Amino acid sequence: MQLILSRQAGVVDATGASTVLAPLDAALLAWLAIEGPTSRARLAALLWPEHQAAAARNTLRQRLHQLHKRLGGPVVTGSATLALAEGVAHDLADADTLLDGVAVEVGGEFAAWLDQQRGRRGARVRRSLVELARM
C-alpha cells in the first residue's frame, strides 16, 4: 500500500484504488511518516490537545479502528508505540507540500510542527526556483 499525503491526503492500494482520508487521519499518518514511531500517549496529546489524556487516547483508539476498517487492513501498527505498518510507503520525504489544502483543525504542538514542516518545504521550493532562475 502506498501512502500519498500531499495536495489531496489519501491512500493508494496495490490495485491503484485511492481513498481520501479524513484530515485527522491524514495528520496522524503524516506525523508517523515523517517523525517515525511515536508513543500512543504523545500522538493522542498532539492530535487532541484540548481533551483529557484518557479521552484523547480513547479517541485515538477509535480513529485507528475506523482507519483500519475503512482501508481494509492495518496502516498503523503497535500498542504502546505506534508506527506505519510494514509495507506502507509514502512520498513525504521529498514532497514540496504537506497536507496542502487539507484543513487540519488541530492546535498546539501539532499545529506548530505542521507550520514548521510547511515552511521548510516552501523554503526548499523557493531555493530550487532561485537556482533554476540562475541557470
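Leucine 99 lies in the loop between strand S7 (89–90) and helix H4, where helices (H or I, at least four residues) and strands (E, at least two) are DSSP runs numbered from the N terminus. The phi of leucine 99 is near 55°, a positive value in a residue other than glycine. Most residues other than glycine have a negative phi. At 0% relative accessibility, leucine 99 counts as buried, a term that means under 20% relative accessible area, while exposed means over 50% and partly exposed lies in between (1.4 Å probe, protein chains only).

The model is a predicted one, in which local features need pLDDT of at least 70 and side-chain atom pairs count only at pLDDT 80 or more, whereas totals for chains, interfaces and linings use all residues. Residues are numbered from 1 along each chain as its sequence is written, and side-chain values use heavy atoms, with hydrogens and water left out. The predictor's confidence in each residue, pLDDT, runs from 0 to 100; its mean over the protein chain is 87, and 94% of the residues reach 70 or more. Among the elements of the chain, strand S4 (residues 38–39) has the highest mean pLDDT, at 98, and strand S1 (residues 2–4) the lowest, at 60.

From the loop that holds leucine 99, the reader can turn to the helices. Helix H1 (residues 23–35) and helix H4 (residues 108–134) have axes that come within 12 Å and cross at roughly 60°, the axes being lines fitted to C-alpha atoms, for helices over the stretch in contact, with angles running from 0 to 180 degrees between N-to-C directions. The crossing of H1 and H4 is left-handed, which means that the near helix is turned anticlockwise from the far one by less than a right angle, clockwise being right-handed. In contact (heavy atoms within 4.5 Å), Ala27, Ala30, Trp31, Ile34 and Glu35 of H1 meet Phe110, Trp113, Gln117 and Arg121 of H4.

On the H4 side of this contact, glutamine 117 is buried, with a relative accessible area of 6%. Not counting residues up to four places away in sequence, glutamine 117 touches Ile34, Glu35 and Leu98.

On the other side, H1 has 13 residues and reaches 18 Å from its first C-alpha to its last, close to the 18 Å expected at 1.5 Å a residue, where the expected span is 1.5 Å times one less than the number of residues. Several residues of H1 are buried, including Asp25, Leu28, Leu29 and Leu32. Alanine 30, also found in H1, counts as buried at 0% relative accessibility; alanine 30 and alanine 9 are 21 residues apart in sequence and 9.2 Å apart in space, C-alpha to C-alpha. H1 is followed by glycine 36, whose phi is positive, near 85°.

Two further loops hold exposed residues. Serine 79 lies in the loop between strand S5 (76–77) and strand S6 (81–84), and is exposed, with a relative accessible area of 56%. The C-alpha atoms of serine 79 and aspartate 100 are separated by 30 Å, although these residues are 21 apart along the chain. Glycine 87, in the loop between S6 and S7, is exposed as well, with a relative accessible area of 55%, and from glycine 87 to threonine 97, 10 residues apart in sequence, the distance in space is 23 Å, C-alpha to C-alpha.
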